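Got the viewer open? Let's go through this one stop at a time, with something to select at each.

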Amino acid sequence: MLLKTLTEAFGIPGQEQEIANILKEWISGNCDKVETDVLGNLIAIQSGKEGSPKVMLCAHMDEVGLMITFIEKSGALRFKPVGGIDPRVLVSKSVYIGRGRIPGVIGAKPIHLQKREEADVPFGIDDLFIDIGAKDKEEAERLVELGDGVIFTTTYEDLGTKRAKAKAFDDRAGCAILARLLTMDKKWSFTLQGVFSAQEEIDARGAQVASYRLEPDIAIVLESTTASDVPGSKKHLYSTMLGEGPALSHSDNRLLADPRILERLKEVAEKKNIPYQMRGLVGGYTDTSRIHLVREGVPCGAVSVPTRYIHSPASIIDKDDFENTFKLMVGFLDSIEERGLPF
Amino acid sequence: MKDLLKKLAETFGPAGNEAQIRDVIREKVKGFVDEVETDAMGNLIAIRKGHGPRVMVAAHMDEIGVIVTHIDEKGFLRFSNIGGVSPFVLLGQKVIFANGTVGSCGMENLSEMKDLKLNKMFIDIGATDRDSASKKVSIGDIGGLYGEAHFIGDKVIAKSLDNRSGCAVLIKTLENLAERDIHNQIYAVFTVQEEVGLRGAKIAAYRVNPDIGFAVDVTRTGDTPESPAMAVKLGGGPTIKVKDSVVLTHPLVRQFMIDIAEKKDIPYQLEVLERGGTDTGPIHLTREGVPSGAISIPARYIHTPSEMADLNDIENAVKFLVAILESELGDRGTGYLTH
C-alpha cells in the first residue's frame, strides 16, 4: 500500500532520495519523462498536445525531522531540527538515524534528577540528545555521521473504521495522491507536470527551481494541513476538521490563492458531490509561496488533506478525506480538459 | 489632485482584491500611455513606448485589510489580518467587503486591554445567524478599512494614503509626460499584494526586465509627540530613500536623485526607514539585478483609517518623478546615470 510505504520511508529535507526512488519506480511506466533536478525534485511529465496548457501539480517529499550535529565523548548525539518541530513532542521518542536506519531514543535528564525549576519548564532542543546505545564517541562514529538525518520510527496503522495514523502524512498523503493521478489509465490532452518537491519544510526551496524550469500555466499544490478539531481548541480556531473533505486554501502566510482557481475547485466539488471545507487559518505556507512568484507569476491554488498532530511523530488523517481529495483533483483535471483553464 | 486622491483613497482594494482600484486607475491612465496590460497576479502595467532605457516605476495599489476565517452560528465573523493591522487600531472601526457589506469590529470581553489580539475580535455585519451571514460573506473573503478622505488646509486625512498617494503621483506624472517627447521607455506598474510581502512587484519586474527601477510609496515621519527618532517630517518634501528593511539604494541612483532635486529646486529629505519595505526590494533583486531607488511621501499614522499626508509633498513628488523620467538615462552598465 503506497500510503504505508511512503509514510514509513526516510526523507528529511535535503535527503529525499529514498522517497524519490519509491515514487520513480511507481510512476515511471506511465509517464513520458521522469527526471531528477539538482535540488532533488522528482519531475514527471505526461506530455499533452502541442501548444496545450502546462498544468503543474506539486506535492513535497520531505518531512520535518532532525539532523545530527555533534557527537559527545559519551556517545550521545546532539541534533537540530530540520523544519518546524516543537521540542516538546520529542522526548523519549524512538528514532532511526540515517538511511541505514540506526535505531535510537531521544533522551533527556530524568525527572528524579531535575531541579525543581527545571521540572517546571519543558525541554528545549539543547536539553535533548539521541542515545544509540554506543558506549563512547568512537563506537557512535562507526554508526552515524554528522549530517545524518533522523526520522521517527512510527509505523502506519489503520485506526477505527475510517482513520489512519502515521508519521509524515505531511506530505506523503499529497505524494500518494499525485502518484495515483500520474498512474491512472486516463490521460488528459494537456501537459501534466507532476512535481515531487524537495525541501519544502525549509522554505519551499525545491518548488522554486522546479517551477522555474517547468514554466507552468497553472499550479496546484497537494498538501496535508493542520486540523485543530481537538479538545481544548475553540471552534473558530480549528482551521479544518477531519472527515469534512479536502481543505481548500483561500490564503496562508505567503499566498493569496488565485480566486478563479478556488472558484473552479468549488464548482467541481459541488457538481461531483464531493465534500470540501475552507481552510480557516491563514498561517503556514506551502510550495505555492515560491511557485506563484516565479518568472512572470503562476496562478496557484492549494488543496489539502486535513491532518491532526502535524509535524509530530504521529499524525492522523481520515481516509475519506484522502479519497475525496483524489476525486476532487481528478474532477479538476477533467474540468480543464472540458472547459480549459479557469482564466 | 484633491479629487484624484479622494477617489483613489476611498476605492476598495485590499491585497489580492485589487480589481476595483485597478479599474479606476486603468481609466485614469489609459489616455496617457501607449499600452496597458494586466499580468498573472493582476499588476497593471502602463507603458510609454520609446527607444531609450527601460525605466520601471512601481506604486502599489493594494491596501491592508482583514480576511474572514470563520463564521459562527450567530453570524459573527472571525478574521485575521491582511498585511500589518493592529487590533488596537481596528477596534471600533468599520470594514467593507468587495460587495459593499459593511461591518463593525468588536472584541470579546477581556480583563486587560493588552490581551487584545485579532483572534479575540470579530466582525459584526448585523447578521442574525450563520446562514444570513453566509449570504453576504464567505470564508476567505477579504475586507478593507472604510472611510472618507478629508482635506484640512494643506493636509489630507484618509485611509490608504499608503499607497494611493503614490498611485496619484504616478498617474499625475504620466499625465504630465503625456504631451512630451521622452527618450526613456516608461513602465508604470501599479502593483498588487505589496502589503502581504512585496509580491506583485517581483513578477512585474521579471516581466518588464527594467534597466533602472523606482518605487513610489509612503514613509514614516518623526515629527509627532514622542515619536521614534526619524529625520523625516510632513511638508518637508518627498524623500529620497537611502535604506529600508529590504533595500540599500544604489549609491549612484541616490546621488542622481539628489542632483535632480537640487537642479530643479525641489525640496527633498533623505529617508532612512528602520523598519518596513517597499517594492524597490524585489525590483532591485530581479534577474541580474536592477539599480533602483525610491521616492516616498511622508505620512503619519500609516496603516490606520486616518493616515495623514501633506499635499505639497505629493505635488512635489510629481515634479520630482517627472524630472527623473525626463532625464537622459544611459543603458545599463554603460554609464546609465549620465545626465
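**Stop 1: a helix in chain B**

Select Asn209(B), the residue that follows helix H6 of chain B; its phi is positive, near 50°. Keep in mind as you look around that this is a predicted model.

Now step back into the helix itself, residues 199-208 of chain B. Is H6(B) enclosed or open to the outside? Of its 10 residues, 8 are buried, so the helix is largely enclosed by the rest of the structure. To see them, pick Arg199(B), Gly200(B), Ala201(B), Lys202(B), Ile203(B), Ala204(B), Ala205(B) and Val208(B). Notice that Arg199(B) and Lys202(B) are on that buried list.

What do those buried residues pack against? Select these in chain B and you have the surroundings:

- strands S2 (44-48) and S3 (54-60)
- strands S12 (185-191) and S13 (212-219)
- helix H8 (280-284)

**Stop 2: the two domains of chain B**

Zoom out and colour chain B by domain: domain 1 takes 2-63 + 159-326, and domain 2 takes 65-145. Their centres, taken over C-alpha atoms, are 31 Å apart. Where they meet, 14 residues of domain 1 of chain B are in contact with 13 residues of domain 2 of chain B. On the domain 1 side of chain B, the touching residues split into 5 nonpolar, 6 polar and 3 charged.

While chain B is selected, colour it by confidence too: the mean pLDDT is 95, with 97% of the residues at 70 or more.

**Stop 3: across to chain A**

Show both chains together. The contact between them involves 16 residues of chain A and 22 residues of chain B. What kind of residues does chain A bring to it? The chain A side has 8 nonpolar, 5 polar and 3 charged residues. For the model as a whole, the scores are ipTM 0.89 and pTM 0.93.

Then hide chain B and colour chain A by domain. Domain 1 is 2-63 + 167-339 and domain 2 is 65-152, with 32 Å between their C-alpha centres. Contacts link 12 residues of domain 1 of chain A to 13 residues of domain 2 of chain A. The domain 1 side of that contact in chain A holds 5 nonpolar, 3 polar and 4 charged residues.

**Stop 4: the eight-stranded sheet of chain A**

Switch to cartoon view and find the open sheet of 8 strands in chain A, ordered S1-S2-S12-S3-S13-S18-S14-S17 with mixed pairing. At its edges stand S1 (33-36) and S17 (277-278), each with a single partner strand, so one side of each has no neighbour in the sheet.

Next, select S18(A), residues 300-307. How many of its residues are buried? The count is 8 of 8, so the strand is largely enclosed by the rest of the structure. Turn it over to check both faces: Cys300(A), Ala302(A), Ser304(A) and Pro306(A) lie on one side, and Gly301(A), Val303(A), Val305(A) and Thr307(A) on the other.

Now add the strands that pair with it:

- S13(A), residues 218-226, runs parallel to S18(A) over 8 bridges. Label Ser224(A) and its bridge partner Val305(A).
- S14(A), residues 247-248, is antiparallel to S18(A) over 2 bridges. Here Leu248(A) stands opposite Val303(A), and Ala247(A) has Ser304(A) as its bridge partner.

Two helices to bring in here. Helix H7(A), residues 259-271, lies across S13, S14 and S18 of chain A, at about 50° to S18(A). Helix H2(A), residues 17-27, lies across S1, S2 (42-46) and S12 (191-197) of chain A, at about 15° to S2(A).

**Stop 5: the three-stranded sheet of chain A**

Last stop: an open, antiparallel sheet of 3 strands in chain A, with the order S10-S11-S19. Its edge strands are S10 (157-159) and S19 (315-318) of chain A, each pairing on one side only. From one strand to the next, the twist averages 30°.

Zoom in on S11(A), residues 163-166, which pairs with S19(A) in the antiparallel sense over 4 bridges. Label Ala164(A) and you'll find Ile317(A) as its bridge partner in S19(A). Finally, select helix H9(A), residues 319-339: it packs on this sheet, touching S11 and S19 of chain A, and its direction makes about 60° with that of S19(A).

Key
Residues are numbered from 1 along each chain as its sequence is written. Chains are lettered from A and ligands numbered from 1 in the order in which they are written. This is a predicted model: local features need pLDDT of at least 70, side-chain atom pairs count only at pLDDT 80 or more; totals for chains, interfaces and linings use all residues. Two residues are in contact if their C-beta atoms, placed from the backbone, lie within 7 Å. Ala, Val, Leu, Ile, Met, Phe, Trp, Tyr, Cys and Pro count as nonpolar, Asp, Glu, Lys and Arg as charged, and the others, Gly among them, as polar. Domain bounds come from an automatic or database domain assignment. pLDDT is the predictor's confidence in each residue, from 0 to 100. Two strands pair if DSSP finds at least two bridges between them. Axes are lines fitted to C-alpha atoms, for helices over the stretch in contact, and angles run from 0 to 180 degrees between N-to-C directions. A residue is buried if 20 or more other C-beta atoms lie within 10 Å of its own, exposed if 12 or fewer, and partly exposed in between; C-beta atoms are placed from the backbone.
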